[in-house]
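Okay everyone, thanks for coming. I'll put the structure up and then talk you through a few parts of it.

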Amino acid sequence: MDSGRLLLFSLSLALVSRAFSDSLIRITPDRRSSTKLSRDDVLFCDSWRFTVETNDAGVWVSVPDRCVQWVKDYMTGDRYRSDSEFAADDSLSFAKTVQIAGDGKDVWVFDIDETLLSNLPYYAAHGFGSEAFDDSTFDEWVNLAEAPALQASLRLYREVEQLGFKIVLITGRIEPQRNVTEKNLVYAGYSNWERLFLRGRADSGKTALVYKSEKRRELEDEGYRIHGSSGDQWSDLLGFAIARRSFKLPNPMYYIP
Ligand SMILES: [Mg+2]
């Protein structure tokens with residue numbers, strides 16, 4: 001190859017290589033943040049999320065097809081973390097206004113799944129709420145006892161404990177899952193809870209709303225004062241014997257009545 005041809009060849013190679021790297025630069029962020037989401041989809045899914053988080057939508061069964069990618073982006077991106085931090089900050093602002101009596105009866109109630117513990121690794125492998133819930137695979141995940149803490153909730157948990165609240169956990173998990181649940185809570189950094197309620201035989205068939213309300217009523221009957229409650233489902237928070245202030249955490253993946 002003479003020097004003219006070599007120069008031409010080198011120039012062509014440089015141009016092709018530049019075009020290739022430009023196309024990579026363009027493609028990479030698109031791939032990461034959803035090539036399939038149109039502006040209409042983003043608008044639709046933002047509004048859909050508003051209705052499910054505020055409970056305007058009431059009972060809903062699964063993430064709409066057009067929002068699966070949106071939910072994935074939300075859950076795995078900064079927004080979910082940021083929304084969770086906001087909820088924790090609001091909770092803590094209220095917690096600091098409570099006069100702790102010092103008799104061990106001032107309580108903060110936490111739900112567990114998608115509140116203290118994040119099952120995101122499980123849902124990432126199961127369509128982010130687009131697949132029908134499957135008890136057996138979810139139970140296998142629970143038995144691993146490796147769900148990480150939702151970091152904003154771990155911070156809140158530690159701070160309300162420092163403020164002098166007794167911490168009570170009310171979960172829809174069942175009594176036979178007590179050991180793995182305790183093991184997972186410790187693994188994720190939680191300790192020192194006053195009470196852990198799981199569904200017993202007498203609770204089967206009850207909605208989460210009724211079951212959790214009944215447990216709060218039991219606490220009240222024992223003289224506990226429930227100041228705050230944190231949960232990712234409205235059924236963690238509504239019903240009867242409700243806390244003075246309830247704090248809804250984000251969860252656009254599933255709805256539990
Ligand atoms: Mg939950």
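**A helix, a sheet and the strand in between**

Let's begin at a glycine: G189, just after helix 8, has a positive phi of about 110°. Before I go further, keep in mind that what you're looking at is a predicted model.

So, back up into helix 8 itself, residues 178-188. Which of its residues are buried? That would be T181, N184, L185 and A188. If you look down the axis of helix 8, those buried residues fall within an arc of 100°, so they line one face of the helix. Now turn to the face pointing away from that buried side, and you'll find N179 and V186, which are exposed. And what covers the buried residues of helix 8? The cover includes strand 2 and strand 3, the latter being residues 195-199.

That takes us to the sheet. We have 5 strands here, forming an open sheet with parallel pairing, in the order 3-2-1-4-5. Strand 3 and strand 5, the second of these being 245-248, sit at the edges with a single partner strand each, so one side of each has no neighbour in the sheet. As for twist, neighbouring strands are turned by 20° against each other on average, ignoring direction. Quick reminder on the chemistry: strands of a sheet pair through backbone hydrogen bonds, parallel or antiparallel.

Let me zoom in on strand 1, residues 106-110. On one flank, strand 1 pairs with strand 4, residues 225-231, in the parallel sense over 5 bridges. In that pairing, F110 stands opposite S230. Strand 1 also pairs with strand 2, residues 166-174, again parallel, over 4 bridges. There, W108 is the residue opposite I167.

And how do the side chains of strand 1 split up? D106, W108 and F110 point one way, V107 and V109 point the other way, and all of them are buried. Why do I call strand 1 largely enclosed by the rest of the structure? Because 5 of its 5 residues are buried.

Okay, that's my tour. Back to strand 2 for a second, if you'd like to link the two halves: strand 2 pairs with strand 1, and strand 2 is also among the elements covering the buried residues of helix 8.

Technical notes:
Residues numbered from 1 in each chain as written. Predicted model: local features only at pLDDT ≥ 70, side-chain atom pairs only at ≥ 80, totals over all residues. Buried ≥ 20, exposed ≤ 12 C-beta atoms within 10 Å, placed from the backbone. Pairing = 2+ DSSP bridges. Arc of directions from axis to C-beta. Contact = placed C-beta atoms within 7 Å. Axes fitted to C-alpha atoms, helices over the stretch in contact; angles between N-to-C directions.
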